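Reader: I have a new model open and no idea where to begin. Can you walk me through it?

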Amino acid sequence: AITATGAFLYVTQSEAHPGTQLEQDPTKPTLVVLGSGWGATSFLKNLDTDEFNVVVISPRNYFLFTPLLPSVTVGTLEARSLIQPTRFITRHKKRAVQVYEAEAQDVDPIKKTVTFQDISEIKGTTASVTVPYDYLVYAVGCENQTFGIKGVTEYACFLKELTDADKIRQKLMDCIETAAFKDQSQEEIDRLMHMVVVGGGPTGVEYAGELHDFLIDDLKKWYPEVADRLRITLIEALPNVLPAFSKQLIQYTESTFRENKIDVLTRTMVKDVKEQSVVVQDANKEIREIPYGLLVWATGNTSRPITRNLMNKLPGAQNVRRGLVVDDYLNMTGADQVYCLGDCTATQYAPTAQVASQQGQYLAQVFNKLGQKSKFERDLAAARATGTAEPAEIESLVKKLNRVAKVNPFHYSHQGSLAYIGSEKAIADLPLFNGNVASGGGAAYLFWRSAYVSTLYSIRNRTLVMADWIKVKLFGRDVSR
Ligand code: FAD
Ligand code: NAD
């Protein structure tokens, strides 16, 4: 996660020209970028905008550092420490970039247009616009998978966006305050203080770990009357949590959770979600109901409606439900000049920030070469037109052209996986010494912290995150709502 994502974040802003940007040029091709997440941000960060009129469209006008998002749910970190405005990146570009806070509603790959809508509460005179593109970079990510299970959207909290983390924090404190209310019945206290997490992937595990820390470090001090009633249950349909990690780390996580009194119900499938309970089918195929106060739903990803709509427009070429099919150069199959990256694609790679950021970086290099190619072609045409250019000059331009015309396929370099599991312990699966090194515990925790802090977007983010950690160490988490 570390060096690869770090590489994108550390690229120096050599083309920083705030205030002296070139204006957009109608003779240059229009490059529309959808999204402001890991894929799109890595792409923008590494792109030379000189040869393109770049337009960014995203309902979120900032980049969110998702790996530390679980820490926001209990107040270990403040939400704003993890975000960076998209305009921070674009204002440093050589040529001006247009940024619209809007949601793309439709992509027409035949007419080569994008229709997008203003989703803000305050409505201006224009709500929906269609723009043409010469190139489209499609990086809209995914939405939460619910498998169509009834009640999930209505009663559960997701953990994907900043607003989700904030909602969890509010609901958690609501449960605790209500449980501490005068003369609350014992049964109701037990329900309210039961926090259920569905999905034993890294999101669910990291959330359960953070919740445990909050209980031990803070709840016991601030709410001694109800703290001991807090129970955390993690429900996972498969035989174990964290299927993507090595066996040793799965066992380590499960035993740490046992020590931390987090109940892990494996081979247990949630079938229905009610307002105050979840209906599960356990390993013996028995159906039972588990009351909860807070339910966090972390069962992975599914394609967004706009992506499914795009697939349906190209039924012959796009026939994988999981996501958009791309070739080795991230070119969308069946669509001309559309490039897709990150979670919205169906590739051999897991949907991770690491993959999305490497793809963004790769694609920016492809576009940088494309831009250089147009420039060298123009220079060559001009040199030939003068009729006085030296043969050596022409030859040098032809060589440069041939060099930039060569594009290698995308190659992913896995830098390892890290996850925080609570009580100042983390797990790390690292590809080292021609093999895999698995490590769990306090040292992995320090590594996890330093890896993520160094991968954060900017010095500002790093300062804020470290200040939050120090603040929590000194004063505890803030329990006010
Ligand atoms: P995203 O980062 O989700 O970005 C999608 C962008 O598209 C967003 O800006 C969104 O607002 C925008 N968008 C949505 N709809 C539209 C639309 N209609 N039009 C225009 N724009 C749109 N991965 C790791 O490698 N390591 C980790 O430690 C890790 N931790 C994680 C922790 C959590 C809690 C979560 C939820 C995920 C974590 N991941 C981690 C996974 C990682 O966040 C994703 O794989 C990554 O965000 C994918 O990047 P992306 O650019 O494809 O999508
Ligand atoms: P996931 O797909 O990794 O895990 C979801 C889990 O939910 C699965 O194990 C699945 O068996 C379980 N599940 C599905 N339906 C269920 C049901 N009805 N009842 C009980 N269990 C059910 O999802 P995630 O954890 O959100 O991760 C999404 C992606 O983001 C992954 O690629 C992951 O690697 C990445 N991510 C990485 C990190 C990290 O590296 N630290 C952290 C968070 C997310």
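Reader: Which residues come nearest to ligand 1?
Author: This is a predicted model, to be clear. In it, 34 residues surround ligand 1, and Gly35, Gly37, Gly39, Gly141 and Gly342 come nearest.

Reader: Which elements give two or more residues to that shell around ligand 1?
Author: Two helices and two strands are named. The helices are H2 (38-46) and H11 (353-386). The strands are E2 (53-58) and E6 (103-108).

Reader: How many residues of each class are in the shell around ligand 1?
Author: The shell around ligand 1 has 18 nonpolar residues, eleven polar and five charged.

Reader: Where does ligand 1 lie relative to the domains?
Author: Ligand 1 lies between domain 1 (2-142 + 303-367) and domain 2 (152-301 + 416-475), because both give residues to its shell.

Reader: Now ligand 2. Which residues come nearest there?
Author: Gly199, Gly201, Pro202, Thr203 and Gly300 come nearest, out of 28 residues around ligand 2. Helix H7 (202-222), strand E15 (269-273) and strand E21 (417-422) each give two or more residues to the shell.

Reader: Which element gives the largest share of that shell around ligand 2?
Author: H7 does, with four residues.

Reader: And the classes in the shell around ligand 2, how many of each?
Author: Nonpolar residues number 16, polar ten and charged two.

Reader: Which domains does the shell around ligand 2 draw on?
Author: Domain 1 and domain 2. Each supplies at least three residues to the shell around ligand 2.

Reader: Back up a bit. What domains is the chain divided into?
Author: Domain 1 covers 2-142 + 303-367, and domain 2 covers 152-301 + 416-475. On domain 1's side, the contact takes 28 residues; on domain 2's side, 27 residues.

Reader: Which elements supply at least two residues to the side of domain 1 that touches domain 2?
Author: Helix H1 (2-10), strand E3 (62-64) and strand E4 (83-85) each do. The largest share on that side comes from H1, which gives four residues. By class, this side of domain 1 has 18 nonpolar, eight polar and two charged residues.

Reader: What separates the centres of domain 1 and domain 2?
Author: The separation is 30 Å, with the centres taken over C-alpha atoms.

Reader: Let's switch to helix packing. At what angle do H2 and H11 pack?
Author: The angle is about 35°, and the axes of H2 and H11 are 7 Å apart. H2 passes H11 in a right-handed crossing.

Reader: Which residues make that contact between H2 and H11?
Author: From H2, they include Trp38, Gly39, Ala40 and Phe43. From H11, they include Ala353, Ala356, Gly360 and Leu363. The contact of H2 with H11 has seven nonpolar, nine polar and no charged residues.

Reader: And H11 with H12, are they roughly parallel or antiparallel?
Author: Roughly antiparallel. H11 and helix H12 (residues 391-405) pack at an angle of about 160°, and angles over 145 degrees count as roughly antiparallel, so the label follows. Their axes are 9 Å apart.

Reader: Is the crossing of H11 and H12 left-handed or right-handed?
Author: The crossing of H11 and H12 is left-handed. Among the contact residues are Lys369, Phe376, Glu377 and Leu380 of H11. H12 brings Glu393, Leu397 and Lys400, among others.

Reader: What classes does the contact of H11 with H12 have?
Author: Nine nonpolar residues, one polar and seven charged.

Terms used. Residues are numbered from 1 along each chain as its sequence is written. Chains are lettered from A and ligands numbered from 1 in the order in which they are written. This is a predicted model: local features need pLDDT of at least 70, side-chain atom pairs count only at pLDDT 80 or more; totals for chains, interfaces and linings use all residues. A residue is near a molecule or strand if its C-beta atom, placed from the backbone, lies within 6 Å of it. Ala, Val, Leu, Ile, Met, Phe, Trp, Tyr, Cys and Pro count as nonpolar, Asp, Glu, Lys and Arg as charged, and the others, Gly among them, as polar. Domain bounds come from an automatic or database domain assignment. Two residues are in contact if their C-beta atoms, placed from the backbone, lie within 7 Å. Axes are lines fitted to C-alpha atoms, for helices over the stretch in contact, and angles run from 0 to 180 degrees between N-to-C directions. Angles under 35 degrees count as roughly parallel, over 145 as roughly antiparallel, 65 to 115 as roughly perpendicular and the rest as oblique. A crossing is left-handed if the near helix is turned anticlockwise from the far one by less than a right angle, and right-handed if clockwise.
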